[in-house]
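I opened this entry to look at how the helices sit against one another. I also wanted to check helix lengths and bends.

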Amino acid sequence: MNKAVTYILLGASLWGTIGWFIKNLYVYGFTPMEVVTLRVTTSAIILLLFLLITSPNKVKLTSLSDIKYFIGTGIFSIIFFNYCMFTAISLSSIPVATALLYTAPAFVAILSVYLFKESFTKRKSVALFVTLIGTLFTVQLIPLNVNNLQLGSILFGIGSGIGYALYSIISKFALNKYSTLSITTFTFVVAAIALIPFFPYQEKLPLLLDKEVLFYAFGLGLFPTAIAYIVYTYGLNQTEASKAAILSTIEPVVAASIGIIIFKETFDMLQMLGMTMIIGAVILMQTENKNNAQVIKLRGRTSGKPS
């Protein structure tokens with residue numbers, strides 16, 4: 001398995017651990033958007049301090065106009081998709097919202113064809129289809145009573161998928177000028193600046209001084225956020241955005257596994273089928289990477305150029 005795929009899978013797997021931190025913060029009475037604020041703020045502080053210590057020369061914009069990239073990744077992706085997802089959850093359920101969130105690979109694949117001239121191969125289309133169906137099984141959206149769905153939940157759910165997809169798309173443009181660490185840091189700094197003014201400090205300050213709350217808030221900002229986005233963006237720099245989006249759907253498999261093992265949530269054969277389909281799609285994309293590498297190597301030999 002090449003490094004790009006490894007980094008993408010690692011980042012997506014870390015995203016899958018977010019539920020453990022969030023559920024523990026909910027116990028203390030934090031609302032979903034307050035948890036989002038804690039997430040982006042703690043990760044922004046961690047990333048900014050790390051960047052200042054290791055590469056202080058990277059804590060600056062090459063051009064002031066480049067702020068548009070990080071407004072895109074920070075506000076239109078991170079904040080927007082979280083807002084849409086939590087609204088979809090309130091209007092329907094977590095499985096429905098999660099399944100609609102994972103329409104993101106479809107949006108990335110479509111946009112990448114036009115923006116990055118990526119090819120939409122048969123193998124990629126099969127992997128995308130298998131991923132979407134597998135996600136529906138994993139989050140128990142199949143079988144579904146259609147009468148329980150509301151138009152609002154569908155629109156907000158699809159909105160979360162679009163917002164989720166925008167990170168891969170916008171980051172691809174930013175990677176032409178900035179390192180993965182800089183992109184991730186600027187993304188969460190912008191998101192934190194946008195959300196902090198709306199956080200109820202007077203009401204929540206006593207909670208923020210609690211050691212366990214600080215532990216969960218710091219862990220949320222470090223593992224499924226700062227580290228996850230760094231390694232995912234690093235892998236994104238070395239592969240197509242559409243492939244990265246499909247590979248990232250390993251996240252619901254990890255999330256479901258944590259729910260089963262730690263929170264003792266129910267698990268049935270349809271969920272197992274869904275997980276198998278998602279893992280199969282990941283393997284399918286990896287075999288395409290190997291086939292492409294072999295073709296390039298063969299072309300290099302036949303043309304007399306070093307492979």
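My notes on helix packing and helix geometry follow.

**Model.** I am working from a predicted model.

**Helix 4.** I started with the span of helix 4, residues 67–91. Its 25 residues should cover 36 Å at 1.5 Å a residue, and I find the end C-alpha atoms 34 Å apart, which agrees. Next I looked for a bend. Helix 4 has a kink of about 30°, and phenylalanine 80 is at its centre.

**Helix 8.** I ran the same check on helix 8, residues 151–174. From first C-alpha to last, its 24 residues reach 35 Å. The expected figure at 1.5 Å a residue is 34 Å, so I note the two as close. Where does helix 8 bend? I place the bend at leucine 166, and it comes to about 25°.

**Helix 6 against helix 8.** Helix 6 covers residues 104–115 and packs on helix 8 at about 40°, with the axes 8 Å apart. That angle makes the pair oblique. I read the crossing as right-handed. On the helix 6 side I listed Ala104, Phe107, Val108, Leu111, Ser112 and Leu115. They meet Ile158, Gly161, Ile162, Tyr164, Ala165, Ser168, Ile169 and Phe173 of helix 8. By class, the residues of this contact are 11 nonpolar and three polar, with no charged residue.

**Helix 2 against helix 11.** I then turned to helix 2, residues 18–26, and helix 11, residues 211–236. Their axes lie 9 Å apart, at an angle of about 155°. Why do I call helix 2 roughly antiparallel to helix 11? Because angles over 145 degrees count as roughly antiparallel, and this pair is at about 155°. The crossing is left-handed. Helix 2 brings Ile18, Trp20, Phe21, Ile22, Asn24 and Leu25 to the contact. Helix 11 brings Val213, Phe215, Tyr216, Ala217, Gly219, Leu220, Phe223 and Pro224. I find 12 nonpolar residues here, two polar and no charged.

**Helix 9 against helix 11.** My last pair was helix 9, residues 180–195, with helix 11. The axes come within 9 Å and cross at roughly 135°. The two helices are therefore oblique to each other. Is the crossing left-handed or right-handed? I have helix 9 passing helix 11 in a right-handed crossing. From helix 9 the contact takes Thr180, Leu181, Ile183, Thr184 and Phe188. From helix 11 it takes Thr225, Ala226, Tyr229, Ile230, Thr233 and Tyr234. The split is seven nonpolar, four polar and no charged.

Terms used. Residues numbered from 1 in each chain as written. Predicted model: local features only at pLDDT ≥ 70, side-chain atom pairs only at ≥ 80, totals over all residues. Heavy atoms only, no water. Axes fitted to C-alpha atoms, helices over the stretch in contact; angles between N-to-C directions. Helix = DSSP H or I, 4+ residues; strand = E, 2+ residues; numbered from the N terminus. Left-handed = near helix turned anticlockwise from the far one by under 90°. Contact = heavy atoms within 4.5 Å. Nonpolar A, V, L, I, M, F, W, Y, C, P; charged D, E, K, R; others polar. Bend = angle between axes of the 7 residues up to and from the residue. Parallel < 35°, antiparallel > 145°, perpendicular 65-115°, else oblique.
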